[in-house]
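Me: Please take a close look at the cavity in this model. Then work outward to the charged pairs and the surface around it.

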Amino acid sequence: MCSSVGRVTKFSAVRVTQPYRVASTNGTAQIQCVIQPRPAFHQVQPSHGRHQAYPYPTPEDFRVTLMKGLHGNQELCSSVLNFTEQIETQWERQGEVQCWAKVRDGAVEVTISGLKATDTDIYRCEIQVFYPPPFLRFRGNGTLLHVVESSDCPAQRAKAQRREEEDEEEDGERTAPLSVPVVVLVILIICVLLIIIYVQTLQCERGRREMVRMTLPLHHKTEATSFPYENI
């Protein structure tokens, strides 16, 4: 019973620390995962008993897995490394995302590339020690990885966005706002033409009536003066 309690205490004392937040502007990010307390191969020795020592044999062969999600349920990528060969680098690719894992100064540096803005999430390092025994598994506290998409030339991207917005505004003005004034103008022109034609028609009718009225009295006078000459 005492041995099991001691094992639980040692296991709970070891943890993996990660940075709280990491920002990526070019699709690449680096997360550093550190085992605390650090194993003996790290040359920093405890001073005056204030630092707790690593309670297990110095790890050699291990696997580092990068877990994605709030609860770390999605495995993004993993690599098998060796703590004694700290220069060796291995990587694993999953879809468009590439992962590199490298041991440096007793810490595991995980580099991720091919990230997009939709990959913004919480990422946790899980370290599984295979050798020497016992088999151990530690999981980090998590890092909020914020991926910001950017172009190679921000100025050109800004200009392109402005041009697209201006083109959309012009297209909108051509389709909706300009169509209403044109229709109204055409209707007004048609109404004016109809009014002009109607007025001209009325004037012509009035002119004909006046001409008819003027010709009728003259015709009666000529007939009245012609009768006496015939009697003579």
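**The cavity and beyond**

Reply: The largest cavity holds about 40 Å³ of space. This is a predicted model. The structure has one cavity of 30 Å³ or more. Its lining consists of Val64, Thr65, Leu66, Cys77, Ser78, Ser79, Cys99, Ala101 and Val110. Three elements give two or more residues each to that lining: β4 (61-68), β5 (74-82) and β7 (97-104). By class, six lining residues are nonpolar and three are polar. No charged residue takes part in the lining.

Now the frame around it. The protein chain has three helices and eleven strands. Read from the N terminus, the order is α-β-β-β-β-β-β-β-β-β-β-β-α-α. The chain counts 232 residues, and 27% of them are buried.

Strand β4 leads on to the charged pairs. Lysine 68 lies in this strand. Its side chain meets that of aspartate 119 in a salt bridge, 3.5 Å from N to O. The pair links distant parts of the chain, 51 residues apart. Lysine 68 sits in strand β4, while aspartate 119 sits in the loop between β8 (107-113) and β9 (121-131). How far are the two partners covered? Buried means under 20% relative accessible area. Lysine 68 has 12%, so it counts as buried. Aspartate 119 has a relative accessible area of 13%, so it is buried as well.

Lysine 68 has another contact across the sequence. Lysine 68 and arginine 124 are 56 residues apart in sequence. In space, their C-alpha atoms are 6.5 Å apart.

In total, the structure holds four salt bridges. Another of them joins the side chains of arginine 139 and glutamate 126, at 2.7 Å from N to O. This pair also links distant parts of the chain. Arginine 139 belongs to strand β10 (residues 136-139), and glutamate 126 belongs to strand β9. The two are 13 residues apart. Their exposure differs in class. Glutamate 126 is buried, because its relative accessibility is 7%. Arginine 139 is partly exposed, because its relative accessible area is 36%.

The loop between β9 and β10 deserves a stop. Proline 132 is placed there. A cis peptide bond joins tyrosine 131 to proline 132, with omega about -5°. Proline 134 is in that loop too. A cis peptide bond joins proline 133 and proline 134, with omega about 5°.

One more long-range pair brings in strand β2 (residues 21-24), where valine 22 is placed. Valine 22 has 12% relative accessibility, so it counts as buried. Valine 22 and isoleucine 122 are 100 residues apart along the chain. Their C-alpha atoms are separated by 10.0 Å.

Next comes helix α3 (residues 179-231), which contains valine 192. A salt bridge is found within this helix. Glutamate 205 pairs with arginine 208, and their closest N and O atoms are 4.0 Å apart. Why are these two separated by about one helical turn? Because they are three residues apart in helix α3. Glutamate 205 is partly exposed, at 36% relative accessibility. Arginine 208 counts as exposed, because its relative accessibility of 55% is over the 50% cut-off.

The surface also carries a nonpolar patch. Leu185, Ile189, Val192, Leu193 and Ile196 form it. Together they have about 440 Å² of accessible area. Valine 192 is one of these patch residues. Its relative accessible area is 45%, so it is partly exposed. Patch residues need over 30% relative accessible area, and valine 192 has 45%.

To pull the parts together: the largest cavity has no charged residues in its lining. Strand β4, one of the elements that give two or more residues to that lining, also holds lysine 68. Lysine 68 is buried and forms a salt bridge with aspartate 119. Strand β9 holds glutamate 126, the partner of arginine 139 in strand β10. Helix α3 holds the pair of glutamate 205 and arginine 208, and valine 192 of the nonpolar patch is found in this helix too.

Definitions and conventions. Residues are numbered from 1 along each chain as its sequence is written. This is a predicted model: local features need pLDDT of at least 70, side-chain atom pairs count only at pLDDT 80 or more; totals for chains, interfaces and linings use all residues. Side-chain values use heavy atoms; hydrogens and water are left out. Patches are made of residues with over 30% relative accessible area and no salt bridge: like charges are joined within 9 Å, nonpolar side chains (Val, Leu, Ile, Met, Phe, Trp, Tyr) within 5 Å. Accessible areas come from the Shrake-Rupley method with a 1.4 Å probe; for residues, only the protein chains shown count as cover. Helices (H or I, at least four residues) and strands (E, at least two) are DSSP runs, numbered from the N terminus. Buried means under 20% relative accessible area, exposed over 50%, partly exposed in between (1.4 Å probe, protein chains only). On a 1 Å grid over the protein atoms alone, a cavity is a set of points where a 1.4 Å probe fits but cannot get out, and a pocket is an open set with protein on both sides within 12 Å along at least five of seven lines; lining residues have an atom within 4 Å of a point. Grid points are joined across faces, edges and corners, and a volume is the space filled by probe spheres set on the points. Ala, Val, Leu, Ile, Met, Phe, Trp, Tyr, Cys and Pro count as nonpolar, Asp, Glu, Lys and Arg as charged, and the others, Gly among them, as polar.
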